[in-house]
Protein chains: 2
Amino acid sequence: MGKKYSIQHEVAYYECDINQTMTFPAMLSVVIKASSDQSDQLERGTEAINQLGLTWVITQTEISIDQLPRVGEKITVVTEPTAFNKFFCYRSFWIYDEAGTQLVKIDMAFVLMKIKERKMSSVSPELMEPYEAPQVKKIQRWEKIEPVENGESQLYHVRFYDLDSNHHVNNAMYFNWIIDVLGYDFMVNHTPVAAKVKFDKEILYGNDITSVYQIDEDNGKTLHEIRVGDQLACEANIQWKTK
Amino acid sequence: MGKKYSIQHEVAYYECDINQTMTFPAMLSVVIKASSDQSDQLERGTEAINQLGLTWVITQTEISIDQLPRVGEKITVVTEPTAFNKFFCYRSFWIYDEAGTQLVKIDMAFVLMKIKERKMSSVSPELMEPYEAPQVKKIQRWEKIEPVENGESQLYHVRFYDLDSNHHVNNAMYFNWIIDVLGYDFMVNHTPVAAKVKFDKEILYGNDITSVYQIDEDNGKTLHEIRVGDQLACEANIQWKTK
């Protein structure tokens, strides 16, 4: 498969919520750092990609959680670009604890976007060459995301600090709006075991966000949509277990 | 003076804003981690303090910025408990770049709060002993914070992820509300050189926040207040220079 890369990370208190476990935004930020560091090493870093007028955009992710990393834990993040086709690059991430036990597995699909036009660009084999991931024909299928049918909603505003150094709203930040609507009691009594998320549309600075959600208590599931006006920007399902 | 302690930190992309420099919340979180690590080492960590029914609360901070740490920079944070009296503990932090040049200096005052009663506790010399900071009579004076006279304001809501693993709204998060009101244009055209902040009152989960601000363009200064209802929770002045 592709070239693997790993980073060490000590989970800081400010990356954890009151459950003493890592938040979704912190977890996603740290794994993306691993892939970004690998790209830097392969001379395919953010600057190099930006100079081509391009930027990477996450379109889909599936997260499977055996155990959330805890405050003070020294974790290892391994990442591997697993395959690419004309439009998508696929990458997996694993988070391990110090004993080498797998805590979290994350799969992601990325596309290259033309910065000016905000349109998808095809992925060139030259660009992908140093990652050593196989070029494939197949478009990967992802598990279906169940839509919200009868949801409640809360309004949010994109903040200046929701923008990261890549000039767009960090995908990890979407989880701020997704998780916040569930509330304190839900969050202290449940722990996530899996999540699937589809990013449909960029969110821009100044946008007003509606975070729509439905709690399916019987099936231990929450359904989510992030909307900008009447446009769907993100869909997610999270599977939970009671503590 | 007191026992010094230092940590190394590589500034990650998700700790920076679109200026490619570290955000206030990230900077404060990282320096507090240094003091928290030192306390752990001296067996005065969060758990030990909590077991006494106590928690540390920041009451005041002054930040002096020569240069903000940049994406990818490997910084060293040095911290030193400088003195304590009956109610206050004083601590300084320095952020250095790889060449040993000072980038940022931060002074802070802390009090011990009784968790249940939410009331200040006196600071015992036994508790402070391993830090080797001198016990003093003097209460440190801080620069006066200029109040907002003719401000505009924006509403915010405390989010679940604004709570940290210590169960209260992380002081670093106050800067989300303080900075966000200044807007994109201001933030890309100015860089902070100094800040002074007084934390008057705890902010709790579920609170609605009013971030009041006044931009004094002539003096390169912004004045801030964070209010919960009609109560003042935080006052701040930030000094800026134009880029």
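These are my notes on the two domains of chain A and on how chain A meets chain B in a predicted model.

**Ground rules.** Local features need pLDDT of at least 70 and side-chain atom pairs count only at pLDDT 80 or more, while totals for chains, interfaces and linings use all residues; side-chain values use heavy atoms, with hydrogens and water left out. Residues run from 1 along each chain as its sequence is written, and chains are lettered from A and ligands numbered from 1 in the order in which they are written.

**Entry 1, domains.** I started with the division of chain A: domain 1 covers 5–131 and domain 2 covers 152–242. The bounds come from an automatic or database domain assignment. I took the centres over C-alpha atoms and got 19 Å between them.

Next I looked up who touches whom. In chain A, 22 residues of domain 1 are in contact with 22 residues of domain 2 (contact being heavy atoms within 4.5 Å). The two domains of chain A bury about 1800 Å² between them, with 59% of it on carbon and sulfur atoms. Buried area here is the accessible area (1.4 Å probe) that two parts lose on being put together, summed over both.

**Entry 2, polar links between the domains.** How many salt bridges are there between domain 1 and domain 2 of chain A? I count 1, taking a side-chain nitrogen of Lys or Arg within 4 Å of a carboxyl oxygen of Asp or Glu. Arg118(A) and Glu202(A) form a salt bridge, with 2.4 Å between the closest N and O atoms. I also have 6 residue pairs in polar contact across this interface, both residues at pLDDT 80 or more. That term means a pair of N or O atoms within 3.5 Å; within protein, one must be able to donate a hydrogen and the other to accept it, and residues adjacent in sequence count only if both atoms are side-chain atoms.

On the domain 1 side, helix H1 (24–41) and strand E2 (54–65) of chain A are the elements giving two or more residues. E2(A) has the largest share, 10 residues. Helices (H or I, at least four residues) and strands (E, at least two) are DSSP runs, numbered from the N terminus.

**Entry 3, chain A against chain B.** Here 40 residues from chain A meet 40 residues from chain B. The two chains bury about 3700 Å² between them, 59% of it on carbon and sulfur atoms. Within chain A, Tyr13(A), Arg159(A) and Tyr161(A) lose the most area to chain B, together 25% of what that side buries.

I find 2 salt bridges across this interface. Lys33(A) forms a salt bridge with Glu10(B), at 3.4 Å between the closest N and O atoms. Polar contacts come to 10 residue pairs, both at pLDDT 80 or more. Which element gives the largest share of the chain A side that touches chain B? H1(A) does, with 7 residues.

**Entry 4, a second look at Lys33(A).** Its side chain also meets that of Asp37(A) in a salt bridge, 2.8 Å from N to O. These two residues are 4 apart in helix H1 of chain A, so about one helical turn separates Asp37(A) and Lys33(A).

**Entry 5, symmetry.** I laid chain A on chain B by least squares on the C-alpha atoms of residues with pLDDT of at least 70 in both. A turn of 180° and a shift of 0.0 Å along the axis give an RMSD of 0.0 Å. The two copies are therefore related as by a two-fold rotation axis. In chain A, Tyr156(A) has the C-alpha nearest the axis, 4.4 Å from it. The same surface serves both copies, as 100% of the contact residues of chain A recur in chain B.
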